[in-house]
Amino acid sequence: MEPNLQSTVEELAAAVEVVLNPITSHEQRRQAYEMCERFKESSPYCAVCGVMMSSKENKDIIRHFGLQLLEYCVKYKWNDMNVSDKVYIKENTMKLLQQGTHDILHEQTHIKDAVSRIVVEMIKREWPQQWPSLMQELGAICKLGATQSELVLMVFLRLAEDVLVFMAVPQQRRREILNGLMEHMPNLFDYFMETLQANYNIHKEKSPMADEALKEQGHVACRLVITVLRTLEAFVDWVNVSFITERNGYLLVVLCEMLSDDSLQVHAADCMRAIANRKQKLEDRKPNLVLFDDVPMSKILEAAVKASQAPLDEYHYRFLVKLCQVLTAVGFQLCVLWNSAESVLQPANFEQYLTAILTFTNHPSQLLGSITQSLWVSFLRHEYISADPIFQSFIPKYIESTRTTLVKIGFPSQNNSPSCAYAKLDFDSDEDFYLFFTKYRAEIADTIRQATLISPHITFSFAANWLKMLLTKPVDRGEARTHCNQSSPAFLEWDAMTVCLESCMSRFHQADKPKPPPSEGIQLLRDVLSFETQDPLILSSLLSTISALFTFITYAPDILPDVLNKIFSSAVFNLEGQTKATRSKAVKNVRRHACCILIKICKQYPDLLLPGFDHLYTHIKQLSSDPEELSQMEKCQLTEALILISNQFKDFEKQCKFLEEILAPVKAIWMSPEMKESLWTTDKFLSYVGLDQPPVEPSSEDTCGINRSHIVHCISTILAVMKRSVWPECTESAKNGGFICGMSESGEPKYKNPVTPHILSMLESVLALSRTLNLLWTPENLARRHPAFQKAYDMEDAEKQVLLGIQPPCVDNTNATSCKHPLERMQSFVACTHNNCYHVLGNSGSSMGHEFYQVPNLAHSLLNSVFINLDAIPLFRIRPVIRVFLKPYVQSCPRECYTTAVIPLVSFLSDYMLQRLTKEWEVILKRSQLRPEDSEENPESQEVIDEQVVRQMTREYLEFLGMLLRERRSGVADDMNVDEDVMSSVNINKDEAISQLGMIVLNTENVYPSIVILVFKVMSWPDTKACGLSAMLAWKIVKPLVDGNKLTSDDICHLLVCILKGLQLLGEHENILAALLTLLLHFYEKLRPRFPELYNVMLQVPGCQEKALKLRSCLNWLFQSFDEKLLLNQMKAKNMKDTMRKLVQGIVGKNVSQLFRREENIKNLPPIYGRTRRAKPKPSIDDSAEIGLCALFSPKDMPSTTAI
């Protein structure tokens, strides 16, 4: 050994120890790390030193670094090595497999893994073409002992993962390696099975023994079995099913047996899960049904029972989860096979199987129950399984299980249920559990709905009996004193029961199977109505049951008064000692719930309530007359209920008169001189609502608070009346009732709403309020605010949490009285008033129709109110302008009003949004450049919130533009609300017809330039969702503009550069890369013949420059060939896309983690079977063409006979 090489090894070993020493200084660690990296990159002795350092006499950390050096040489230097160096690495690596590690029980796992990775990297580069003896060599190594067998198994495991799971191999090499594996698969699987069988027998025999030597042999065998199982898990997902079923299905049988072995059960379950989840042909799925046989099923059930009875720990619980996944996967295979072409009917032990699934459903761990829910739904939806007698016998058992599974218990912070212990293993916080349980309960509710369609009698009887039991059961408040809280057992059970009942009743009348007689439902409703309680939470659940059972009232209209009395008594529910100002949150929820149920009933059954309209109207007027009884929101909700019933008058004049009465009190306030003066001038408004005055406590003494309440009440009532007042759906009824005022240009009737004459007179003040609210953001008005209200215009905390996707904390505040701080009240007022103004204006179009859009100077009025002073307003206040106002406003606009009502707004908005969004994104980009890379930003900081608002605003504006361009139809919004993970390039190529409004927009000279610039500019902003939306819009916008000769060649070249910039910035995201590549190809393919300048733009892509013409294999030659064939229409679509991907590969962006990563270069090897060239056809002697035979035998060329 050369002395200098030995010293190098010692220096490297010292550097490795410095790097991994926890007390090393940062500078020392950096220097040592740089030394190691420099050596790997530049030293010609990298492989030699790696071999020396990997000797098992060294420390583990030194050995591991030596193995890393060898792996580095193979991954990054292999193509530059000479044959002798490759042979040196190969021979020494095989020696490492043979004798370079400690025995199987004492060697570190990461050392074994590092050795196996070196072999795998060589296989990926040389096998099978240039290393045909690999399998023989590995087979010989396996015979050396258990340690070597484990290493060889790990080689096959890593190889299968790299080739099939991670796909870390080029396509051609991947195909060749896969073919090589398939060629040797019979021998491989024989080896796997023999190793598994032999070592499992040794493990069973010797592991339990007391003799230490024999026990160690058992442990060695156990380790080998685990490695075989892990290797099989990587293979069974894709190999031919015959390998799994050979030896009379030994693999599945022995896996079932291993489920009872504590040391093997988790790995056996993993392997079984991989087999059960195979996606394959029907005939290949059938072997999975062997698990329904007596022995496998009994083994599975025995293992499940044993694990359930074991003390709770993470190991046994993880095994239970995997076993549950195995059983459900087998169930899904059964769903596919049952009554299919394979003639599979009810399998053996189907009843035992369903019992096991039901046991998992009832397990205290809700995660296990959630895994089974999708299987129950699949069985219930299956035409034949749902009709199976055994399965139908389990429907009542499943429905009975919901008595416990629907109960909202199991929060990790609590200890009121066995589920809590499991939740602590599954969830980090109560908020995480709450999100899970919401989904879990929805799954159970869906299963109940499906069960109701199959057996309505069973589900209804269970829900009815559960409800009857609760009506007679004493209320268990738990630790609560006077009334239930959200953790009280009584409320938890009532809450679960209402979910069950509502799920059942939602499908009850859709079921075509025999149902209970209506008399049972009527009697149940009577029992509910006779139940009395003063507990707010129980009463709220009771109201839910009334809502669910209300459908039975059509069979017994005589109990309608009792139902209404119950609802109204709940609407005015109060607890002793509480006043309007001090009501607890639980009481407010009950009252609000009652009002909402009344609205729901009036919406679904207006004809039933119409005869009692006068009585209801009188009663509601009496309640509203008491200022201490109803809140403004409750008054508004009861008014909505009345309007819903009044729609059944189907008499324009009568409804108009009624609405006039309803709006009279509001109109008196809204149109009063004091209110008008306050709404039209900002200084008066500031004083009227108290923004320029100090806060007043308590709120009952705040006179400005009363003024704010009046504004909110008026706006809310106007909005409620507009939304609920409608004309008849039947054209004949509308005509007879006087709701039609003419015909449109398209021949459709023009409807008029009875609310129009009353709302139009008040709409002017709504616009004035909107204008005043916008002007509050001017510097002089901001200065007028009282210091205590400096944050009154800020975003509310609840809105921030929604924007950031933060789950609010799980806090039980049902008994708390909501006394907001003056600042919070003012903040809520400003936000609510802003939003409600936009809601009123947005609903005006759909409510009042033509009459609204034909208001004189409507667009001018909107521009002078809603769109005034936008530059000073933060984006979070502008978002509702597009989402709440403009979208419904444009969608409801008649075609003949596009030019006067829509185009002026779009013209202003397009210019403004281009400037505003560009400015906001420049701030974000600049901030990201200045921010240190290692800074940890507070997720709730103002900068994060502002950035998220900009992103949302950009996406919503692009969605609005998409709505402008598309024809109106049902589900319009669905096309643009595409999740970025499923972005499909097909939408880019789809030549959809542009709507009439879209064509008007694109033909308006002062509108389309801003839209085009913004849509393409978005591609260079770091937001993947916005970029995807812009890619979908880009061609739809450009095509009609090009057809109309509105874009010059410079414009087109600039747009192409924007697409290329998008690839450079966001190409790291595969879905965006696919979308932009498709757009780029479509753009170039369609426009290149018309705009030759695009060729020069593409030449600027790195790798396509003219100077590269010398190499025929260069990208420039590829691009020229691509360009020529494209112009001649001689390329297939797939070839075009693949070529375009190669051309732009040099500019496609990469993730920061991949920027400086050294790329592996795995070269393709010569094909295993040489290509046979097609022989040229031999000319026929009968061919008329001259082939030279005559000249060959010409006399003048013949030798002389004399000479011979």
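## Exercises on a predicted model

Cys500 is buried, its relative accessible area being 1% (buried is under 20% relative accessible area, exposed over 50%, partly exposed in between, with a 1.4 Å probe and protein chains only). The model is predicted: local features need pLDDT of at least 70, side-chain atom pairs count only at pLDDT 80 or more, and totals for chains, interfaces and linings use all residues. Residues are numbered from 1 along each chain as its sequence is written, and side-chain values use heavy atoms, leaving out hydrogens and water.

**Exercise 1.** Determine how many disulfides the structure holds, and examine the surroundings of Cys500.

*Solution.* Step 1: a disulfide is a pair of cysteine sulfur atoms within 2.5 Å. Step 2: the structure holds zero disulfides. Step 3: for Cys500, the nearest cysteine sulfur belongs to Cys504 and is 6.7 Å away. Step 4: Cys893 has its closest cysteine sulfur in Cys897, at 5.1 Å, which is too far for a bond. Cys893 is buried, at 0% relative accessible area.

**Exercise 2.** Locate the salt bridge partners of Glu634 and Arg879.

*Solution.* Step 1: a salt bridge is a side-chain nitrogen of Lys or Arg within 4 Å of a carboxyl oxygen of Asp or Glu. Step 2: Glu634 pairs with Arg591 at 3.0 Å, N to O. Glu634 lies in helix H29 (residues 632–646) and Arg591 in helix H26 (residues 585–604), so the pair ties together parts 43 residues apart in sequence. Helices (H or I, at least four residues) are DSSP runs, numbered from the N terminus, as are strands (E, at least two). Step 3: Glu634 is buried at 6%, and Arg591 is buried at 0%. Step 4: Arg879 meets Glu956 at 2.6 Å, N to O. Arg879 is in helix H41 (residues 875–891) and Glu956 in helix H43 (residues 942–965), 77 residues apart. Both Arg879 and Glu956 are buried.

**Exercise 3.** Identify the residues that touch the most other members of the largest nonpolar core.

*Solution.* Step 1: a nonpolar core is a set of buried Ala, Val, Leu, Ile, Met, Phe, Trp, Tyr and Cys residues joined through side-chain atoms within 4.5 Å. Step 2: the largest core has 371 residues, and Phe885, Tyr889 and Phe1016 touch the most other members. Step 3: not counting residues up to four places away in sequence, Phe885 touches several residues, including Tyr838, Leu862 and Leu905 (contact means heavy atoms within 4.5 Å).
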